[in-house]
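Trainee: I would like to go through some labels used for this model and hear the reasoning behind each one.

Mentor: Go ahead, and ask about one label at a time.

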Amino acid sequence: MTPNHLLPLIRNPEQLKQLSYSQMEGLCRELRQVLINTVSQTGGHLASNLGVVELTVALLHCLSLDQDKVIWDVGHQCYSYKLLTGRADRFSTLRQEGGLSGFPKRSESAYDHFIAGHASTSLAAAYGLKRAMTLKGEEGAVVAVVGDGSFTGGMIYEGLNNIGKSGENLIVILNDNEMAISRNEGALAKYLAVIRSKPTYFKMKKNAEQLLLGMPVVGKPLRDLAWSSKTALKKVIYSTTFFEELGFAYLGPVDGHDLKSLCDVITQAKQMGCPCLIHVRTRKGKGYRFSEKNPGMFHGVSKFDAASGRPVSGPAESFSEVFGKELLRCAEQDSRICAITAAMEHGTGMQHFARRYKQAGRYYDVGIAEEFAATLAASLAAGGMLPVFAVYSTFLQRCCDQLIHDAAIEPQHLVLGIDRAGIVGDDGETHQGIFDVALLSPIPNFSLFAPSNYDELRQMLRRALFEEQGPTALRYPRGTQDPTVAGWKATGRDWDLVAGTGTTRLLVTYGRTFAAALQAMQSDPGLSVLKLNRLLPLPEEALEIARGFDAVLFAEEGIRTGGLGMQFMEKLAESGYRGRMRLHAIDQFVPQSSVSSALHRLGLDAPGLLQELCKLDEEAQESKGDMR
């Protein structure tokens, strides 16, 4: 194998054991070029993957994947791992419909051992896998690679607590790049900064060990005696032994782009046979100057020009941007308004608020800690503030208990901005925002609104802040408003009816699906469309309107069981409605694809809605036939 031509020849990760350090350095250059070229065409997570290239190569060089297992926290940094574990020939399909996932996926490869997509779960997963191996008498180590951003999540500390006292041969690699998606903040970031700034202990330890082991006869006993006092020595230098107090052997910090150092420390950790934490320092975006300069922008990217680093299409206003800017305008009018994000400042449009009010103490980036964010919002509300927590729908799933216990039992007036509600596309099953309505619906005292365009989003945000009481949420999709509804003016009502001519059929929907419903009306002008603006509590007037039609189709870009459509149909039946009813919603985990393709396959675009209406008509004909 010659440098710069290695990757096409690697079919099995065991082949990396045969490579010299020079060859591995060449392989790292190849991997970075493939990552840049591919992600520029498919979109995806670039900066985080560029930062762990050497770490990935070192892991596969030192481990035996026929018995050792690697777990990636979140999983969005596993692209090099995919390339080196038999998937290089399919890598161009990354995040495409029917292609490779952007995250680990057990159904995709025997080298992917546990599903990932959400942060801070890796240590629980790694511990469970290692315990299963031990109980079955299997040899091998389990390695969990965790970014310092994930260390802001509480599950990591639950994992450290349990693993540290287990005695298992489990290695935690803390990938410290000082970033989550936005730059890390808080006590942990400061603690790691202290460790990074004082490498004295580790340099001294390595030099002393080499000196002692070079002494004949007495060298090794002296080394063991010296190392018995290492805890006291480290306390003198750091005044803390956080990871060691939890039961881990702490190794590092190590340069995450130095292959020799990485291989040495991984080999050492594996031989120790006890819980180890390796502190690795990496640079997010390493090797691509545009992502090194702005790693936050290149964390998750759409298609871009690799030569210039510029997006293929110019930036367009999005629901997230509109929400963030309108929130800032509201905050300028009311000093009680505070904003909260869970490490998603730019993703949720909160950067505008942060620039203006961070120093004033009205903006909180709590890290990857949605549960904490929800309770923080409730307690700010209890203290007389007006908190707004902007969170992706898929991550809202993580704080159900806090929403019930802290926000709703004794109703606190907080506002949730539920971003990426509905289908999000190429991130796949772990990120689709299809459960939020069903999760919030059973909770008493909650209000929920669903804007279909920017004008409604602005109006509903103000209504949520200044007119509603108790916990209130807005759900809105990823990306831009549909041109079909761009000119629709917010009415401020809980519902809007677009009446067809002489129709007896009603299509009920909300949010993004309203655009598809209007498009369906163009092909079927006799159809009437009822758009729900308020979803919770369900408006009684909407049920009254539905009772005036012979047939009702409810279409919902959300999970079917427990969703709004099921509740609407149930209440309609309870009221004595005798017309025909049909519910069209999602009843599956939705795989990766473009948003438009997913909506088409789910029948939630205009042709799909027309097809569902035809089924409703066919049922009517069958019913008449049965009567005859």
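Trainee: What makes E429 and K105 a salt bridge?

Mentor: This is a predicted model, and in it the closest N and O atoms of E429 and K105 are 3.2 Å apart. The cut-off is 4 Å between a side-chain nitrogen of Lys or Arg and a carboxyl oxygen of Asp or Glu, so the pair qualifies.

Trainee: Why is this pair said to tie together parts of the chain?

Mentor: E429 is in the loop between β9 (415–419) and α19 (436–440), while K105 is in the loop between α4 (79–87) and α5 (122–135), so the bridge joins parts 324 residues apart in sequence.

Trainee: Why are E429 and K105 called partly exposed?

Mentor: E429 has 29% relative accessibility and K105 has 23%. Buried requires under 20% and exposed over 50%, so values in between are partly exposed.

Trainee: How do you know that R505 and D617 form a salt bridge?

Mentor: Their N to O distance is 3.1 Å, and the limit is 4 Å, so the pair counts. R505 lies in strand β13 (residues 505–509) and D617 in helix α25 (residues 606–627), so parts 112 residues apart in sequence are tied together. R505 is buried at 12% relative accessibility, whereas D617 is partly exposed at 29%.

Trainee: How many salt bridges does the rule give?

Mentor: The count comes to 35. K82, R87, E108 and D112 are linked in a network of them.

Trainee: Why does R362 have no salt bridge?

Mentor: The nearest side chain of opposite charge, D334, is 6.2 Å away; the rule asks for 4 Å or less, so no bridge is assigned. R362 is buried all the same, in the loop between α15 (351–357) and β7 (363–365). Its side chain reaches the backbone oxygen of D334 at 3.1 Å. The cut-off for a polar contact is 3.5 Å, so that distance falls inside it.

Trainee: What makes R32 buried?

Mentor: R32 has 9% relative accessibility, and the limit is under 20%, so the label applies. R32 lies in helix α1 (residues 21–42). A polar atom of its side chain is 2.8 Å from the backbone oxygen of K286. Beyond its neighbours within four places in sequence, the contacts of R32 include L50, E54, H257 and G287.

Trainee: How do you know that C62 is in no disulfide?

Mentor: A search of the whole structure finds zero disulfides. For C62, the nearest cysteine sulfur, that of C263, is 3.8 Å away; a disulfide needs the sulfur atoms within 2.5 Å, so C62 fails the test. C276 fails too, because the closest cysteine sulfur, in C274, is 4.1 Å away, too far for a bond. C62 counts as buried at 16% relative accessibility, and C276 counts as buried at 0%.

Trainee: Which residues have the most contacts inside the largest nonpolar core?

Mentor: They are L27, L46, V57, L59, L84, I173 and I278, in a core of 56 residues. Another core, of 53 residues, lies apart from it and has C338, A450, L538 and A546 among its members.

Trainee: What does L84 contact outside its neighbours within four places in sequence?

Mentor: Its contacts include L27 and V57, along with L7, I10, P13 and L60.

Technical notes
Residues are numbered from 1 along each chain as its sequence is written. This is a predicted model: local features need pLDDT of at least 70, side-chain atom pairs count only at pLDDT 80 or more; totals for chains, interfaces and linings use all residues. Side-chain values use heavy atoms; hydrogens and water are left out. Helices (H or I, at least four residues) and strands (E, at least two) are DSSP runs, numbered from the N terminus. Buried means under 20% relative accessible area, exposed over 50%, partly exposed in between (1.4 Å probe, protein chains only). Lys and Arg count as positive and Asp and Glu as negative; His and the chain ends are not counted. A polar contact is a pair of N or O atoms within 3.5 Å; within protein, one must be able to donate a hydrogen and the other to accept it, and residues adjacent in sequence count only if both atoms are side-chain atoms. Contact means heavy atoms within 4.5 Å. A nonpolar core is a set of buried Ala, Val, Leu, Ile, Met, Phe, Trp, Tyr and Cys residues joined through side-chain atoms within 4.5 Å.
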